[in-house]
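Open the model in a viewer and keep a selection command ready. The stops below cover ring pairs, a charge over a ring, a cavity and one contact in space.

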Amino acid sequence: MTGWRRSGRRAACCLTAVVLGVQALTGCDVSGGGDRGDHGRAAAERLLKRWSAAVRDRDESAYLAAVDPAAEGYRAERRRVFASLASVPLASWEYRLVRTGGFAPAAGDGRRLAAQVELRYRLAGYDSAPVSTALRLTLVRRDGGWYVAGQDAGGGGAQLWEQGEVTVVRGRRGIVLGVGQDPQRLRAVADLVDRAVPDVDGAWRGPWAERVVVEMPASLDRMAALLGAPAANYRGIAAVTTGEVGGGPAAPADRIIVNPEAYGALGDFGRRIVLTHETAHVATRARTSAATPLWLSEGFADWAAYRATGRTARQAAPELAAALEAGSAPRELPEDADFGFTGEAGRLARAYEGGWLACRMIAERWGEERLVAFYAAVGARKKRAGAVDGALREVLGVSAGEFTQQWRRYVTDAF
């Protein structure tokens, strides 16, 4: 099973205050004399500018020179992270200071400053705009200089290179970044991406970047850390796509995050379906909005994945087949809540299968071009209320009630 985690616009700032030392990070810049206030902010900005340049220049000495000499554990961690970035193709890397908080005493004659920072980076050849993530850094002034002394992830989850050395495998259509994975396994993923992109392009028929970024961490727990959620939410989920819905061509490339445990339990065909499904999410992201119901976004992704496989409804939708045989035919199209990863597995499977059959019905009865036009028409609306009904009338010439009735008969007849 796969899924799409909609992140919307990535926030540049973290809204939660955090205690660092004895002072809490606040929404206001500090003020005062000496190295406080504007002087403290200016010093912090200069430090972050040097730190950013060190990453871009691949200069380990300069990178570690910005880290507090007294923070031995943090220095060791930063040395490891810097080495892990060696193979990652960076087009840009910048730490931006968002806010500073209160000062607190540090060891010796130093002072400690809480800083809210935005990390912005681009993968060369893939990101049209920077990916943003919030960090909370602790800065210290020691012996007349400012250093970075520690950090916490700020609401956006961890980054892959913080989990270990990154292995990079490039395909013709995408790039795969893995930690703790055999390069041959990553190569197999890249090969499937190369196959998925033209399959999706033939289904979607609309403009999209036609390039894919895949991340494969070492374990389910590490996947959950990247997504900033409990591991239990993704157990049995083979992959999740994250991105900015409706972000347009200038948005960063979506990330397909693979659960190595669930993905590894699949056969060759299942892996192909998973990566084609997730690639379909990448292709349709710019035409997906808050108005798009999950039965449509997930159903279209499944339709694109199964479109050229020749699989029957019984083969591709076994849970719905079993429900029909038990006399439990669905009455309504799946609700968004039915797609919850933490719910009953059969309910989740039936939701995906119901969405897939709805999209397959549209493609068969109205044509594939109308299916794509319907998807785009729903996504063009800003609000959920009335979006599907309006697009059904506009593109397919039926009401929501008529469409649901046709779908119920189609599901029954499919088996």
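Rings of Phe, Tyr and Trp (its six-membered ring) pair if their centres lie within 6.5 Å; planes under 30 degrees apart count as stacked, over 60 as edge-to-face and the rest as tilted. This is a predicted model, in which local features need pLDDT of at least 70, side-chain atom pairs count only at pLDDT 80 or more, and totals for chains, interfaces and linings use all residues. Residues are numbered from 1 along each chain as its sequence is written, and side-chain values use heavy atoms, with hydrogens and water left out.

Select Trp51, Tyr63, Phe82, Trp93, Tyr95, Tyr121 and Trp161: ring pairs join these residues into a cluster. Over the whole structure, the search returns 17 aromatic pairs. Within the cluster, look at Trp51 and Tyr63, which form a stacked pair because their ring centres are 5.0 Å apart and their planes at 10°. Trp51 belongs to helix α1 (residues 37–56) and Tyr63 to helix α2 (residues 60–65), so the pair ties together parts 12 residues apart in sequence. Helices here are DSSP runs (H or I, at least four residues), numbered from the N terminus. Trp51 is buried, at 0% relative accessible area, and Tyr63 is buried too, at 2%. Buried means under 20% relative accessible area, exposed over 50%, and partly exposed in between (1.4 Å probe, protein chains only).

Next, select Phe269 and Tyr306. Their ring centres are 6.4 Å apart and their planes at 45°, so this pair is tilted. Phe269 is in helix α7 (residues 268–284) and Tyr306 in helix α8 (residues 294–306), so the pair ties together parts 37 residues apart in sequence. Phe269 is partly exposed at 26%, while Tyr306 counts as buried at 18%.

Keep Phe269 and add Arg311, which lies over the face of the Phe269 ring, 3.8 Å from its centre. The rule asks for NZ of Lys or CZ of Arg within 6 Å of the ring centre and within 35 degrees of the ring normal.

Now select Asp199, Arg272, Ala304, Ala305, Arg307 and Ala308, the residues that line the largest cavity. By class, this lining has 3 nonpolar, no polar and 3 charged residues. Ala is among the residues counted as nonpolar (Ala, Val, Leu, Ile, Met, Phe, Trp, Tyr, Cys and Pro), Asp, Glu, Lys and Arg count as charged, and the others, Gly among them, as polar. A cavity is a set of points on a 1 Å grid over the protein atoms alone where a 1.4 Å probe fits but cannot get out; lining residues have an atom within 4 Å of a point.

Last, select Glu369 in helix α12 (residues 368–379). Glu369 is exposed, at 61%. Add Ala203: Glu369 and Ala203 are 166 residues apart in sequence but 8.8 Å apart in space, C-alpha to C-alpha.

Key: Helices (H or I, at least four residues) and strands (E, at least two) are DSSP runs, numbered from the N terminus. On a 1 Å grid over the protein atoms alone, a cavity is a set of points where a 1.4 Å probe fits but cannot get out, and a pocket is an open set with protein on both sides within 12 Å along at least five of seven lines; lining residues have an atom within 4 Å of a point.
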